[in-house]
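Q: Please take a close look at one part of this model and work outward from there. Keep it brisk, and tie each point to its place in the chain.

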Amino acid sequence: MALINPFLLPTKTHLGLHVSPLTSKKTLLWTSPSSSFNFNFNKGLSSSRRRKQAGCVTAAADIKAASTLLDGEEDQKVLVGPSSEQERRGERELVAYGWTEEWYPLYLTKNVPHDAPLGLKVFDKNLVLFKDGNDQFQCYEDRCPHRLAKLSEGQLIDGRLECLYHGWQFEGAGKCVKIPQLPADAKIPKSACVKTYEVRDSQGVIWVWMSQMTAPNESKLPWFENFARPGFQDVSTTHELPYDHSILLENLMDPAHIPISHDRTDWTAKREDAQALCFEVTERTDRGFAGWWGREKDGTKPNFLRFEAPCVLQNNREIVDKNGEINYFSGLFLCRPTGQGKSMLIVRFGGTKRSPLVKLFPQWYFHQNASKVFEQDMGFLSSQNEILLKEKVPTKELYLNLKSSDTWVAEYRKWMDKVGHGMPYHFGHSTISLPKEPAVVEHAPAGLVAGLSASSPAKGGIGTMHAPNLANRYFRHVIHCKGCSAAVKAFQTWKNVLSAVAVTLAALAILVSGRQWKTLLLASAALCSAGVYACSTAIALNTTNFIRTHRRL
């Protein structure tokens, strides 16, 4: 039987009956569950008959292969493919990159404590940030040169950072200025100094230059044009998250998941709005990519996304009002790797025009809503992190990236292919570099929670609400936000006061004999009880994780 090109001339198959549209000749493809019967049946066939049967089997295999190829062609219509000729040829493009020669966002300036050091991390490097006596920000390696104690566990004395292990004090460029145990006539050893890192305060964010070998490159310090526009206002929050920074970034550049994962979280996300999106990549460089995107059915791409090394993402939009005035809006995501399976994010949403309704809500309300958004994604992003580490293969072997939803994700992982060799570890589209060192689990967090954790015999065990656990909203956000911390403390104070007043009024209502007085006192106690409930609700909003309805017990 002649072989037929299945792409040019389709064949029909049904219940083992092979029909060639060229000859209309029918051949029965016989199979039996009995192997002995098959042997005897074939043995009785003529050699010519056997050749014909073999030809039919070959044709059936060709049909299956053709079907697979057709399916592959259909897949290619919807899946993200190679973005360059070099990628089509399977060649890898490498660019010069060193993760230390970058600026990383450390903290919102307004939230840096004035009276205590702040322990932070970039990848596996421990840092301590503080404000010295000259009101200048200083950043040291979070390690005392004496016996390696964390300096972030220490305290500030007259603008100097003191290690609370033996009292060594440091200032300025990491110079040790006091060692209590030295003899009176001895000099402080020159080697008794700490490593320092350059920091900059830019547009309300503290940035750190991680290289100690090369001078800071000021041209790499991010600058965001919209945030410098007159009248621009923003709501900024900080969140610690229990998954890798690359997973966080691809989640942030994924608009397709918002209607589903964040359904009814705010006034815009609705699951019935899930739909195909369109993307246009307009720029690819060694430091990132940029482009436009929008809803396919609208036929426009009004949103502009830009990713820039090492981990800065912004989404901008311009809207022209009825008077012809252009209003600028930005969603800014400043990510910092904080170790394997951990990251910290500064989120800044703002614009040159705000809804009047925004003024009706306190800042902490928007902050708790932002925490809710991250909690809605946390479960599957954490599991995604675990699978990537377990499978140990590049994302192209695991992901099915759709052109209509995952273009930015594919671009980001392909960018990591180019620069991953200069990172401590990476998960690229075609390449992967696993962490060389196992992750360190800290059982005694320093810095902001040092005072709380030290108050318990088993350090770190401080109750459910304040437990140092990245799955807990209080630990992920509230301790990093002065506004929310103050709000929680205020609500707790009011709750205690109102509880005491309610009990007192109820007791007085029992003691008095006049009906009018009883009614007045009981009504006042009820109002105080309502206030207690309101305060408890506000505290819960700031400290309790969101749980989806179908997951609630």
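**The hairpin loop and its surroundings**

A: Start with proline 310, which is placed in the loop between E17 and E18. The model is predicted. The peptide bond between alanine 309 and proline 310 is cis, with omega at about 0°. Most peptide bonds are trans, and most residues other than glycine have a negative phi.

The loop belongs to a hairpin: 3 residues join E17 to E18. The two strands pair in the antiparallel sense, over 6 bridges, with E18 covering residues 312-320. Opposite glutamate 308 stands valine 312 of E18.

Now follow E18 onward. Its pairing with E19 (residues 326-337) is also antiparallel, over 9 bridges. One such bridge partners glutamine 314 with leucine 332 in E19. These two strands form a hairpin as well, with 5 residues between them. In that turn, glycine 324 has a positive phi of about 85°. In a regular strand, side chains alternate between the two faces of the sheet.

Go back to E17 for its ring contacts. The structure holds 21 aromatic pairs. One of them joins phenylalanine 307 and tyrosine 412, edge-to-face, at 5.2 Å centre to centre and 75° between the planes. This pair links distant parts of the chain. Phenylalanine 307 lies in strand E17 (residues 303-308), tyrosine 412 in helix H7 (residues 407-419), and 105 residues separate the two. Both phenylalanine 307 and tyrosine 412 are buried. They also belong to one aromatic cluster, whose other members are Tyr97, Phe279, Phe289, Trp408 and Trp415.

Compare a second edge-to-face pair, tyrosine 365 with phenylalanine 366: 5.8 Å centre to centre, 80° between the planes. Tyrosine 365 counts as partly exposed because its relative accessibility is 29%, and that class runs between 20% and 50%. Another ring meets a charge instead. The charged end of arginine 229 sits over the ring of tyrosine 328, 3.6 Å from the ring centre.

Two loops elsewhere hold backbone exceptions. Arginine 264 is not a glycine, yet its phi is positive, at about 65°. Arginine 264 lies in the loop between helix H5 (258-261) and strand E15 (277-285). With 46% relative accessibility, arginine 264 counts as partly exposed. Lysine 392 also has a positive phi, near 60°, and is a residue other than glycine. Its place is the loop between helix H6 (363-391) and H7. H7 is also the helix that holds tyrosine 412. Lysine 392 has 49% relative accessibility, so this residue counts as partly exposed.

Finish with a buried charge. Glutamate 240 sits in strand E14 (residues 233-241). This residue is buried yet has no salt bridge. The nearest side chain of opposite charge is lysine 342, at 6.4 Å. That distance fails the test, because a salt bridge needs a nitrogen within 4 Å of a carboxyl oxygen. Instead, the side chain of glutamate 240 makes a polar contact of 2.9 Å with that of histidine 480. Helix H4 (residues 245-252) is mostly covered, with 8 of its 8 residues buried. Among the buried residues of H4 are His245, Glu250 and Asn251.

Definitions and conventions. Residues are numbered from 1 along each chain as its sequence is written. This is a predicted model: local features need pLDDT of at least 70, side-chain atom pairs count only at pLDDT 80 or more; totals for chains, interfaces and linings use all residues. Side-chain values use heavy atoms; hydrogens and water are left out. Rings of Phe, Tyr and Trp (its six-membered ring) pair if their centres lie within 6.5 Å; planes under 30 degrees apart count as stacked, over 60 as edge-to-face and the rest as tilted. Helices (H or I, at least four residues) and strands (E, at least two) are DSSP runs, numbered from the N terminus. Buried means under 20% relative accessible area, exposed over 50%, partly exposed in between (1.4 Å probe, protein chains only). A charge sits over a ring if NZ of Lys or CZ of Arg is within 6 Å of the ring centre and within 35 degrees of the ring normal. Lys and Arg count as positive and Asp and Glu as negative; His and the chain ends are not counted. A polar contact is a pair of N or O atoms within 3.5 Å; within protein, one must be able to donate a hydrogen and the other to accept it, and residues adjacent in sequence count only if both atoms are side-chain atoms. Two strands pair if DSSP finds at least two bridges between them.
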